[in-house]
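Colleague: Could you take me through the ligand site in this structure, please? I would love a close look at that one part.

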Amino acid sequence: METYNLRSGIPIPKLGIGTWQMKDAERITEIFRQAFEAGYQLIDTASAYGNEIAISKALRALAIPRDKLFLQDKLWNSGRGYQEAQEACKKSLKKLKLDFLDAYLIHWPASPKLHTNWEEINAEAWRGLEKLKADGYVRTIGVCNFKVHHLEKLKKSAKEMPELNQIEFHPGFWPKELLDYCKKENIRIEASSPLGNGDILQDTVLNEIAKRYNKTPAQICLRWELEKEVLAIPKTENLDRITQNRNIFDFSLTKEDTIVLNELPYCGGLGIDADEVTEFG
Ligand SMILES: NC(=O)c1ccc[n+]([C@@H]2O[C@H](COP(=O)([O-])OP(=O)(O)OC[C@H]3O[C@@H](n4cnc5c(N)ncnc54)[C@H](OP(=O)(O)O)[C@@H]3O)[C@@H](O)[C@H]2O)c1
């Protein structure tokens, strides 16, 4: 698996496996078996997905060597204090039966719709992550769903800036200003919902392009993301699709097709705006 180098020099695979909505340990074991055989190493989970124990069982059943695994986990919103963030991470490590995480990310920035002190909440959670890194519990730290203004505010108190920002990113939805900002600040963008939750795969234009390359619409999305130097973590429970999604390193998109994909209108995805969240933010 090809890798990107993070600002700190840590290599991170260009493609990983998303695990949102995967719960069953036996099924996860089958999926991971196929994935590791196909060369994947990065697993993306979150305490909110409720699957850390199942993932741990799968990793142990398959006896995946620790140095062949890039395990990425996330801090849920209830743990965004300095102490709380550290406790939450240690709880996740216990469930995963691991000594350290490769990456630990703040899952959501505090929503201004729910918290007048959102900047302070984000800063405290971040201080907790910095401490976890200093203490050796995580190799690198990052955020999810942060926009430019969240990152700019964080800069005021952070000892170090995030190395990763996992955001919704796929044809039909890619925040260009945020991508440019993160490139300038050396923060690697990870595409969550890189297939727009599967919704965008029916898009006619995407399908026409895919046909011309003899590729699937999913492969076109993932290649487009790769060519934007973004890391993608597609989720699939279909064993053939695990291999299919991996086969994106043997072709490239023309400039013309890239422009067409850049300009696709919104055609599906998660569609949650971190500043507008009123339920879980
Ligand atoms: N940080 C965050 O806030 C956040 C938010 C959302 C997601 N994420 C992460 O990003 C990961 C991926 O996002 P996602 O789960 O929202 O959706 P996604 O990966 O964009 O799309 C998954 C959907 O696409 C289908 N699919 C996968 N590969 C396919 C292929 N080759 N051909 C046709 N259909 C295909 C899957 O169905 P089958 O399973 O049936 O193949 C599933 O319905 C998540 O699992 C999670 O780890 C993070």
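Modeller: Happy to! A polar contact here is a pair of N or O atoms within 3.5 Å; within protein, one must be able to donate a hydrogen and the other to accept it, and residues adjacent in sequence count only if both atoms are side-chain atoms. With that in hand, an N or O atom in the side chain of Thr236 lies 2.5 Å from an oxygen atom of the ligand. Leu195 uses its backbone instead, with an N or O atom 2.7 Å from a ligand oxygen, and the side chain of Gln166 places an N or O atom 2.8 Å from a ligand nitrogen. On its own the ligand has 900 Å² of accessible area, of which the protein covers 87% (Shrake-Rupley method, 1.4 Å probe).

Please keep in mind that this is a predicted model, where local features need pLDDT of at least 70 and side-chain atom pairs count only at pLDDT 80 or more, while totals for chains, interfaces and linings use all residues. Residues are numbered from 1 along each chain as its sequence is written, and side-chain values use heavy atoms, leaving out hydrogens and water.

Now the shell: 30 residues surround the ligand (a heavy atom within 4 Å), and those that come nearest are Asp44, Leu195, Asn197, Thr236 and Arg241. The shell comprises eleven nonpolar, 14 polar and five charged residues, with Gly counted as polar. Helix H9 (residues 239-246) gives the largest share, three residues (helices are DSSP runs of H or I, at least four residues).

Definitions and conventions. Helix = DSSP H or I, 4+ residues; strand = E, 2+ residues; numbered from the N terminus.
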